[in-house]
Amino acid sequence: MSAYKSDFMRILQERGFIHQLSNAQGLDELCAEEMVTAYIGFDCTATSLHVGSLVQIMMLYWLQQSGHRPIVLMGGGTTRVGDPTGKDESRKVLTEEIIEENKAGIKKVFEKFLSFGVDGNKAIMMDNAEWLMKINYMDFLRDVGRYFSVNQMIQRDSVRLRLEREQHLSFLEFNYMLLQGYDFVEIYNRTGCRLQMGGSDQWSNILSGVDLGRRMVEKEFFALTTPLLTTASGMKMGKTAAGAIWLNEDMLSPYDYWQFWRNTEDADVEKFLKLFTILPMDEIARLAALEGAEINEAKKVLATEATALMHGREAAEAAAETARKAFEEGANAAGLPTVQVSATELETGIGILSLFVTVGLCSSNGEARRNVQGGAVRVNDKAVQSHTFAVSMDDVTEDGVIKLSLGKKKHVLVKPV
(Lines give C-alpha, C1' and ligand atoms only; values in the text may rest on other atoms or scores of the structure.)
Protein backbone atom coordinates (compact mmCIF):
# COMPACT_ATOMS: atom_id res chain seq x y z
CA MET A 1 0.00 0.00 0.00
CA SER A 2 1.20 3.50 -0.78
CA ALA A 3 -0.34 5.19 2.28
CA TYR A 4 -1.52 3.77 5.59
CA LYS A 5 -4.26 5.15 7.84
CA SER A 6 -2.93 3.83 11.15
CA ASP A 7 0.02 5.36 12.98
CA PHE A 8 1.63 1.98 13.53
CA MET A 9 1.67 0.91 9.88
CA ARG A 10 2.71 4.39 8.73
CA ILE A 11 5.68 4.38 11.13
CA LEU A 12 6.75 0.91 10.04
CA GLN A 13 6.54 1.86 6.38
CA GLU A 14 8.46 5.14 6.59
CA ARG A 15 11.19 3.61 8.73
CA GLY A 16 11.69 0.57 6.51
CA PHE A 17 10.40 -2.24 8.71
CA ILE A 18 7.92 -3.83 6.29
CA HIS A 19 8.90 -6.65 3.93
CA GLN A 20 5.90 -9.00 3.67
CA LEU A 21 2.26 -8.62 4.74
CA SER A 22 -0.53 -11.17 4.51
CA ASN A 23 -3.27 -8.51 4.16
CA ALA A 24 -1.95 -4.95 4.25
CA GLN A 25 -5.28 -3.18 3.95
CA GLY A 26 -7.04 -5.41 6.46
CA LEU A 27 -4.30 -5.01 9.05
CA ASP A 28 -4.12 -1.25 8.52
CA GLU A 29 -7.87 -0.90 9.03
CA LEU A 30 -7.74 -3.05 12.16
CA CYS A 31 -4.90 -0.94 13.63
CA ALA A 32 -6.83 2.26 12.82
CA GLU A 33 -10.03 1.02 14.49
CA GLU A 34 -8.90 -0.71 17.68
CA MET A 35 -6.04 -1.64 19.97
CA VAL A 36 -4.28 -4.54 18.27
CA THR A 37 -2.36 -7.21 20.14
CA ALA A 38 0.70 -8.59 18.31
CA TYR A 39 3.53 -10.94 19.25
CA ILE A 40 7.03 -11.93 18.25
CA GLY A 41 8.68 -15.15 19.40
CA PHE A 42 12.26 -15.46 20.63
CA ASP A 43 13.81 -18.90 21.10
CA CYS A 44 16.21 -19.25 24.02
CA THR A 45 19.33 -20.48 22.20
CA ALA A 46 21.85 -18.15 23.93
CA THR A 47 22.12 -16.13 27.15
CA SER A 48 21.69 -12.90 25.18
CA LEU A 49 20.05 -11.80 21.96
CA HIS A 50 22.34 -10.09 19.46
CA VAL A 51 21.83 -6.97 17.40
CA GLY A 52 20.19 -8.99 14.61
CA SER A 53 17.13 -9.28 16.89
CA LEU A 54 16.96 -5.54 17.44
CA VAL A 55 14.75 -4.94 14.39
CA GLN A 56 12.07 -7.13 15.99
CA ILE A 57 12.45 -5.43 19.37
CA MET A 58 12.09 -2.00 17.77
CA MET A 59 8.89 -3.16 16.04
CA LEU A 60 7.44 -4.08 19.42
CA TYR A 61 8.55 -0.67 20.72
CA TRP A 62 6.74 1.20 17.95
CA LEU A 63 3.69 -1.05 18.37
CA GLN A 64 3.34 0.04 21.99
CA GLN A 65 4.15 3.68 21.22
CA SER A 66 1.30 3.61 18.69
CA GLY A 67 -1.20 2.54 21.34
CA HIS A 68 -1.19 -1.20 20.68
CA ARG A 69 -0.27 -4.13 22.91
CA PRO A 70 2.96 -6.11 22.39
CA ILE A 71 3.53 -9.69 23.49
CA VAL A 72 7.06 -11.04 23.91
CA LEU A 73 6.89 -14.81 23.52
CA MET A 74 9.75 -16.74 25.08
CA GLY A 75 10.32 -20.02 23.26
CA GLY A 76 10.85 -22.14 26.35
CA GLY A 77 9.01 -24.97 24.59
CA THR A 78 10.04 -24.57 20.94
CA THR A 79 13.72 -24.20 21.88
CA ARG A 80 13.58 -27.86 22.88
CA VAL A 81 12.81 -28.70 19.25
CA GLY A 82 14.90 -26.19 17.31
CA ASP A 83 13.87 -24.11 14.31
CA PRO A 84 15.25 -25.65 11.07
CA THR A 85 14.86 -22.34 9.19
CA GLY A 86 18.05 -21.37 7.37
CA LYS A 87 20.05 -24.24 8.88
CA ASP A 88 21.85 -27.09 7.11
CA GLU A 89 22.01 -29.20 10.23
CA SER A 90 20.01 -29.76 13.40
CA ARG A 91 20.41 -27.36 16.28
CA LYS A 92 22.15 -28.68 19.36
CA VAL A 93 19.62 -30.06 21.83
CA LEU A 94 19.75 -27.92 24.96
CA THR A 95 19.02 -29.09 28.49
CA GLU A 96 16.15 -27.59 30.46
CA GLU A 97 18.64 -25.89 32.80
CA ILE A 98 20.46 -24.17 29.92
CA ILE A 99 17.18 -23.05 28.35
CA GLU A 100 16.07 -21.50 31.65
CA GLU A 101 19.43 -19.76 32.03
CA ASN A 102 19.23 -18.41 28.48
CA LYS A 103 15.65 -17.25 29.02
CA ALA A 104 16.63 -15.30 32.14
CA GLY A 105 19.39 -13.53 30.19
CA ILE A 106 17.18 -12.66 27.22
CA LYS A 107 14.35 -11.21 29.32
CA LYS A 108 16.51 -8.33 30.58
CA VAL A 109 16.61 -6.57 27.23
CA PHE A 110 12.87 -6.12 26.74
CA GLU A 111 12.38 -4.11 29.92
CA LYS A 112 14.52 -1.36 28.35
CA PHE A 113 12.19 -0.96 25.37
CA LEU A 114 8.73 -1.92 26.63
CA SER A 115 6.47 -1.04 29.54
CA PHE A 116 5.10 -4.26 31.10
CA GLY A 117 1.90 -4.61 33.12
CA VAL A 118 -1.70 -5.79 32.97
CA ASP A 119 -3.69 -2.70 32.01
CA GLY A 120 -4.36 -1.10 28.62
CA ASN A 121 -1.59 -1.60 26.13
CA LYS A 122 1.01 -2.73 28.67
CA ALA A 123 3.33 -5.38 27.25
CA ILE A 124 2.93 -9.04 28.18
CA MET A 125 5.66 -11.66 28.44
CA MET A 126 4.61 -15.26 27.80
CA ASP A 127 6.41 -18.59 27.48
CA ASN A 128 5.14 -21.27 25.10
CA ALA A 129 6.45 -23.94 27.47
CA GLU A 130 3.34 -23.14 29.51
CA TRP A 131 1.13 -24.91 26.98
CA LEU A 132 3.48 -26.92 24.76
CA MET A 133 4.87 -28.94 27.67
CA LYS A 134 1.35 -30.02 28.59
CA ILE A 135 0.36 -31.29 25.14
CA ASN A 136 -1.07 -34.78 24.84
CA TYR A 137 0.41 -36.15 21.64
CA MET A 138 -2.71 -38.01 20.45
CA ASP A 139 -4.93 -35.02 21.16
CA PHE A 140 -2.48 -32.74 19.33
CA LEU A 141 -2.47 -34.97 16.24
CA ARG A 142 -6.25 -35.09 16.18
CA ASP A 143 -7.03 -31.47 17.06
CA VAL A 144 -4.13 -29.65 15.35
CA GLY A 145 -2.22 -32.02 13.06
CA ARG A 146 -5.26 -32.72 10.89
CA TYR A 147 -5.25 -29.11 9.67
CA PHE A 148 -1.69 -29.29 8.30
CA SER A 149 -0.99 -30.50 4.76
CA VAL A 150 2.32 -32.29 4.39
CA ASN A 151 2.22 -31.32 0.71
CA GLN A 152 2.25 -27.65 1.73
CA MET A 153 4.74 -28.13 4.56
CA ILE A 154 7.45 -29.56 2.32
CA GLN A 155 7.06 -26.54 0.02
CA ARG A 156 7.78 -24.09 2.85
CA ASP A 157 11.29 -22.62 2.56
CA SER A 158 12.37 -23.88 5.99
CA VAL A 159 11.78 -27.47 4.83
CA ARG A 160 12.20 -27.27 1.04
CA LEU A 161 15.68 -25.74 1.11
CA ARG A 162 16.97 -28.38 3.53
CA LEU A 163 15.56 -31.17 1.35
CA GLU A 164 16.92 -29.65 -1.87
CA ARG A 165 20.40 -29.59 -0.35
CA GLU A 166 19.88 -33.21 0.73
CA GLN A 167 20.56 -32.24 4.33
CA HIS A 168 19.12 -34.30 7.16
CA LEU A 169 15.79 -32.99 8.51
CA SER A 170 14.62 -34.77 11.62
CA PHE A 171 10.96 -35.44 12.38
CA LEU A 172 11.56 -33.40 15.53
CA GLU A 173 12.42 -30.31 13.45
CA PHE A 174 9.63 -31.03 10.96
CA ASN A 175 7.20 -30.53 13.85
CA TYR A 176 8.49 -27.00 14.57
CA MET A 177 6.08 -25.50 12.05
CA LEU A 178 3.12 -27.16 13.75
CA LEU A 179 4.20 -25.93 17.17
CA GLN A 180 4.73 -22.35 16.02
CA GLY A 181 1.37 -22.36 14.25
CA TYR A 182 -0.28 -23.70 17.37
CA ASP A 183 1.37 -20.94 19.43
CA PHE A 184 -0.53 -18.37 17.36
CA VAL A 185 -3.89 -20.02 18.04
CA GLU A 186 -3.14 -20.50 21.73
CA ILE A 187 -2.05 -16.86 22.18
CA TYR A 188 -5.20 -15.73 20.35
CA ASN A 189 -7.38 -17.81 22.69
CA ARG A 190 -5.65 -16.27 25.72
CA THR A 191 -5.30 -12.63 24.61
CA GLY A 192 -7.20 -12.04 21.35
CA CYS A 193 -3.87 -11.57 19.50
CA ARG A 194 -4.31 -11.64 15.71
CA LEU A 195 -0.92 -10.45 14.44
CA GLN A 196 2.41 -12.26 14.48
CA MET A 197 5.54 -10.39 13.40
CA GLY A 198 9.07 -11.59 12.74
CA GLY A 199 12.00 -11.66 10.35
CA SER A 200 11.52 -12.60 6.70
CA ASP A 201 13.03 -16.03 7.38
CA GLN A 202 9.96 -16.74 9.56
CA TRP A 203 7.41 -16.01 6.82
CA SER A 204 6.59 -19.68 6.18
CA ASN A 205 6.23 -20.50 9.87
CA ILE A 206 4.03 -17.44 10.50
CA LEU A 207 1.80 -18.28 7.52
CA SER A 208 1.26 -21.73 9.04
CA GLY A 209 -0.21 -20.01 12.08
CA VAL A 210 -2.34 -17.71 9.92
CA ASP A 211 -3.73 -20.73 8.08
CA LEU A 212 -4.30 -22.67 11.30
CA GLY A 213 -6.20 -19.74 12.83
CA ARG A 214 -8.53 -19.63 9.85
CA ARG A 215 -9.20 -23.35 10.12
CA MET A 216 -9.34 -23.84 13.90
CA VAL A 217 -11.01 -20.68 15.20
CA GLU A 218 -12.38 -19.25 11.95
CA LYS A 219 -10.62 -15.90 12.43
CA GLU A 220 -8.36 -13.95 10.11
CA PHE A 221 -4.87 -13.78 11.54
CA PHE A 222 -2.23 -11.45 10.11
CA ALA A 223 1.45 -11.90 9.26
CA LEU A 224 4.08 -9.16 8.99
CA THR A 225 7.80 -9.66 8.41
CA THR A 226 10.83 -7.39 8.23
CA PRO A 227 13.51 -7.49 5.52
CA LEU A 228 16.59 -9.65 5.96
CA LEU A 229 19.03 -7.04 7.17
CA THR A 230 22.50 -6.97 5.67
CA THR A 231 25.14 -4.25 5.63
CA ALA A 232 26.03 -2.38 2.44
CA SER A 233 29.00 -4.73 1.98
CA GLY A 234 26.72 -7.78 2.20
CA MET A 235 27.44 -8.99 5.74
CA LYS A 236 24.57 -10.28 7.84
CA MET A 237 23.51 -7.71 10.43
CA GLY A 238 25.10 -8.30 13.82
CA LYS A 239 27.84 -10.60 12.55
CA THR A 240 31.38 -9.23 12.58
CA ALA A 241 34.83 -10.71 12.24
CA ALA A 242 35.19 -10.48 16.01
CA GLY A 243 31.88 -12.27 16.65
CA ALA A 244 28.25 -11.43 17.39
CA ILE A 245 27.23 -8.01 18.69
CA TRP A 246 25.44 -9.01 21.89
CA LEU A 247 22.79 -6.85 23.54
CA ASN A 248 23.50 -7.76 27.17
CA GLU A 249 26.10 -5.58 28.87
CA ASP A 250 27.85 -8.53 30.51
CA MET A 251 28.65 -9.90 27.04
CA LEU A 252 29.49 -6.63 25.27
CA SER A 253 30.35 -3.35 26.97
CA PRO A 254 28.40 -0.16 26.15
CA TYR A 255 31.64 1.28 24.75
CA ASP A 256 32.10 -1.57 22.27
CA TYR A 257 28.39 -1.45 21.45
CA TRP A 258 28.79 2.28 20.68
CA GLN A 259 31.82 1.55 18.52
CA PHE A 260 29.87 -1.03 16.49
CA TRP A 261 27.37 1.64 15.44
CA ARG A 262 30.10 4.26 14.98
CA ASN A 263 31.74 1.95 12.42
CA THR A 264 28.59 1.76 10.28
CA GLU A 265 29.29 1.95 6.55
CA ASP A 266 28.36 5.28 4.94
CA ALA A 267 25.66 3.71 2.78
CA ASP A 268 23.88 2.25 5.84
CA VAL A 269 23.67 5.36 8.02
CA GLU A 270 20.20 6.52 6.95
CA LYS A 271 18.73 3.00 7.08
CA PHE A 272 20.13 2.35 10.54
CA LEU A 273 18.99 5.73 11.89
CA LYS A 274 15.44 4.87 10.80
CA LEU A 275 15.47 1.35 12.23
CA PHE A 276 17.54 1.65 15.39
CA THR A 277 16.84 5.12 16.77
CA ILE A 278 13.69 7.00 17.69
CA LEU A 279 14.87 10.29 16.22
CA PRO A 280 12.21 12.23 14.27
CA MET A 281 12.20 11.58 10.54
CA ASP A 282 13.10 15.18 9.66
CA GLU A 283 16.21 14.97 11.86
CA ILE A 284 17.15 11.66 10.23
CA ALA A 285 16.76 13.28 6.81
CA ARG A 286 19.09 16.11 7.89
CA LEU A 287 21.74 13.70 9.13
CA ALA A 288 21.42 11.49 6.05
CA ALA A 289 22.09 14.48 3.81
CA LEU A 290 25.56 15.03 5.31
CA GLU A 291 28.41 14.22 2.96
CA GLY A 292 32.14 13.68 3.02
CA ALA A 293 33.77 13.86 6.44
CA GLU A 294 30.54 15.24 7.93
CA ILE A 295 28.94 11.78 7.62
CA ASN A 296 31.04 10.83 10.66
CA GLU A 297 28.92 13.20 12.75
CA ALA A 298 25.82 11.30 11.67
CA LYS A 299 27.51 8.05 12.65
CA LYS A 300 28.28 9.42 16.10
CA VAL A 301 24.64 10.44 16.55
CA LEU A 302 23.55 6.97 15.42
CA ALA A 303 25.96 5.33 17.86
CA THR A 304 24.90 7.49 20.80
CA GLU A 305 21.15 7.21 20.16
CA ALA A 306 21.24 3.43 19.58
CA THR A 307 23.39 2.92 22.70
CA ALA A 308 21.11 5.17 24.78
CA LEU A 309 18.13 2.95 23.94
CA MET A 310 20.01 -0.18 24.97
CA HIS A 311 22.21 0.95 27.87
CA GLY A 312 20.82 4.33 28.93
CA ARG A 313 21.70 7.90 28.03
CA GLU A 314 24.47 8.21 30.63
CA ALA A 315 26.32 5.11 29.39
CA ALA A 316 25.91 6.23 25.77
CA GLU A 317 27.35 9.68 26.40
CA ALA A 318 30.20 8.19 28.44
CA ALA A 319 31.04 5.88 25.53
CA ALA A 320 30.95 8.80 23.10
CA GLU A 321 33.26 10.82 25.35
CA THR A 322 35.68 7.89 25.71
CA ALA A 323 35.83 7.56 21.95
CA ARG A 324 36.29 11.30 21.50
CA LYS A 325 39.24 11.40 23.87
CA ALA A 326 40.79 8.23 22.49
CA PHE A 327 40.61 9.23 18.85
CA GLU A 328 40.32 13.00 18.75
CA GLU A 329 42.79 13.82 21.54
CA GLY A 330 44.88 10.66 21.54
CA ALA A 331 44.63 10.68 25.34
CA ASN A 332 44.39 7.92 27.87
CA ALA A 333 40.58 7.95 27.98
CA ALA A 334 38.43 6.12 30.53
CA GLY A 335 41.13 3.66 31.48
CA LEU A 336 42.50 3.03 27.97
CA PRO A 337 46.26 2.57 28.52
CA THR A 338 48.74 4.26 26.21
CA VAL A 339 52.01 2.57 25.23
CA GLN A 340 54.81 4.46 23.49
CA VAL A 341 56.45 2.68 20.54
CA SER A 342 59.40 3.74 18.44
CA ALA A 343 58.32 5.62 15.33
CA THR A 344 61.42 4.25 13.58
CA GLU A 345 60.20 0.69 14.12
CA LEU A 346 56.75 1.63 12.87
CA GLU A 347 58.29 3.08 9.69
CA THR A 348 59.45 -0.41 8.70
CA GLY A 349 56.42 -2.13 10.25
CA ILE A 350 55.96 -4.17 13.43
CA GLY A 351 54.43 -7.65 13.20
CA ILE A 352 50.99 -7.83 14.76
CA LEU A 353 51.94 -10.82 16.91
CA SER A 354 55.01 -9.24 18.50
CA LEU A 355 53.26 -5.88 18.93
CA PHE A 356 50.39 -7.48 20.88
CA VAL A 357 52.95 -9.12 23.14
CA THR A 358 54.92 -5.86 23.53
CA VAL A 359 51.87 -3.84 24.64
CA GLY A 360 50.71 -6.62 27.00
CA LEU A 361 47.54 -7.71 25.25
CA CYS A 362 48.92 -11.24 24.73
CA SER A 363 51.52 -13.22 26.66
CA SER A 364 53.08 -14.94 23.63
CA ASN A 365 53.18 -14.95 19.85
CA GLY A 366 51.24 -18.23 19.91
CA GLU A 367 48.41 -16.70 21.94
CA ALA A 368 48.33 -13.71 19.61
CA ARG A 369 48.22 -15.97 16.56
CA ARG A 370 45.27 -17.93 17.99
CA ASN A 371 43.41 -14.68 18.64
CA VAL A 372 44.02 -13.51 15.07
CA GLN A 373 42.66 -16.81 13.79
CA GLY A 374 39.64 -16.39 16.08
CA GLY A 375 38.87 -12.91 14.76
CA ALA A 376 39.52 -11.23 18.13
CA VAL A 377 42.41 -8.96 17.05
CA ARG A 378 41.60 -5.48 15.75
CA VAL A 379 43.59 -2.43 14.73
CA ASN A 380 41.61 0.83 14.83
CA ASP A 381 38.48 -1.31 15.22
CA LYS A 382 39.13 -3.22 12.00
CA ALA A 383 39.63 -6.97 12.27
CA VAL A 384 43.08 -8.31 11.39
CA GLN A 385 42.73 -11.17 8.91
CA SER A 386 46.30 -12.53 8.86
CA HIS A 387 48.97 -13.21 11.48
CA THR A 388 51.54 -11.76 9.04
CA PHE A 389 49.91 -8.31 9.17
CA ALA A 390 52.35 -5.52 10.09
CA VAL A 391 51.35 -2.34 11.92
CA SER A 392 53.03 0.75 10.50
CA MET A 393 52.91 4.53 10.52
CA ASP A 394 50.15 4.24 7.90
CA ASP A 395 47.87 3.03 10.72
CA VAL A 396 48.40 6.13 12.85
CA THR A 397 45.16 8.11 12.94
CA GLU A 398 44.91 11.87 12.52
CA ASP A 399 45.06 12.28 16.29
CA GLY A 400 48.40 10.48 16.50
CA VAL A 401 47.53 7.08 17.95
CA ILE A 402 46.85 3.50 16.89
CA LYS A 403 44.16 1.62 18.77
CA LEU A 404 44.80 -2.08 19.38
CA SER A 405 41.93 -4.28 20.61
CA LEU A 406 41.75 -7.86 21.85
CA GLY A 407 38.17 -9.08 21.92
CA LYS A 408 35.48 -6.74 23.13
CA LYS A 409 36.95 -5.28 26.31
CA LYS A 410 40.75 -5.03 26.06
CA HIS A 411 42.16 -1.94 24.33
CA VAL A 412 45.56 -0.23 24.19
CA LEU A 413 46.51 3.00 22.46
CA VAL A 414 49.91 2.97 20.74
CA LYS A 415 51.63 6.37 20.46
CA PRO A 416 54.67 6.69 18.18
CA VAL A 417 57.64 8.55 19.73
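This short talk walks through a few features of one structure, from its core to its surface and its charged pairs. Please keep in mind throughout that what we are looking at is a predicted model.

Let me begin with the inside. The largest nonpolar core holds 71 residues, and the ones with the most contacts within this core are L54, M197 and W261. Helix 3, which runs over residues 54-65, supplies the largest share of this core, namely 9 residues. There is also a second, separate core, made of 30 residues, with L132, V144, Y176 and F184 among them. To make the first of these cores more concrete, we can take M197 and ask which residues it touches, once those up to four places away in sequence are left out. The list consists of F8, A38, Y39, I40, M59, L60, L63, I206 and L224.

From the core I would like to move to the surface, where Y137, M138, L141 and F171 form a nonpolar patch whose members together have about 460 Å² of accessible area. Helix 6, covering residues 137-143, gives the most to this patch, with 3 residues. Y137 is found in that helix, and, with a relative accessible area of 46%, Y137 is partly exposed. A contrasting case is A24, which lies in helix 2, residues 24-33, and which is buried, its relative accessible area being 18%. If you would like a sense of distance across the model, the C-alpha atoms of A24 and N128 are separated by 27 Å, and these two residues are 104 residues apart along the chain.

Next come the charged pairs. How many salt bridges does a search of the whole structure find? The search gives 19, and I will go through three of them. In one, K271 pairs with D268, and their closest N and O atoms are 3.7 Å apart; K271 counts as partly exposed at 31% relative accessibility, while D268, at 3%, counts as buried.

In another, K274 pairs with E270, with the closest N and O atoms 3.6 Å apart. Both sit in helix 13, residues 269-276, and because they are 4 residues apart there, about one helical turn separates them. E270 counts as partly exposed, at 37% relative accessibility.

The remaining example joins the side chains of K403 and D381, at 3.3 Å from N to O. This pair links distant parts of the chain, since K403 belongs to strand 14 (residues 402-406) and D381 to the loop between strand 11 (377-379) and strand 12 (382-383), 22 residues apart. K403 counts as buried, with 0% relative accessibility, and D381 counts as buried as well, with 13%. Salt bridges can also share partners, and in this model D7, R10 and E14 are joined in that way into one network.

Finally, a word on the cysteines, where the count of disulfides comes to 0. Why is C193 not bonded to the closest cysteine, C31? The two sulfurs are 11 Å apart, which is too far for a bond, given that a disulfide requires cysteine sulfur atoms within 2.5 Å. C31, for its part, is in no disulfide, and the nearest cysteine sulfur to it is that of C193. Both of these cysteines count as buried, C31 at 6% relative accessibility and C193 at 0%.

How values were computed:
Residues are numbered from 1 along each chain as its sequence is written. This is a predicted model: local features need pLDDT of at least 70, side-chain atom pairs count only at pLDDT 80 or more; totals for chains, interfaces and linings use all residues. Side-chain values use heavy atoms; hydrogens and water are left out. Patches are made of residues with over 30% relative accessible area and no salt bridge: like charges are joined within 9 Å, nonpolar side chains (Val, Leu, Ile, Met, Phe, Trp, Tyr) within 5 Å. Accessible areas come from the Shrake-Rupley method with a 1.4 Å probe; for residues, only the protein chains shown count as cover. A salt bridge is a side-chain nitrogen of Lys or Arg within 4 Å of a carboxyl oxygen of Asp or Glu. Helices (H or I, at least four residues) and strands (E, at least two) are DSSP runs, numbered from the N terminus. Buried means under 20% relative accessible area, exposed over 50%, partly exposed in between (1.4 Å probe, protein chains only). A nonpolar core is a set of buried Ala, Val, Leu, Ile, Met, Phe, Trp, Tyr and Cys residues joined through side-chain atoms within 4.5 Å. Contact means heavy atoms within 4.5 Å.
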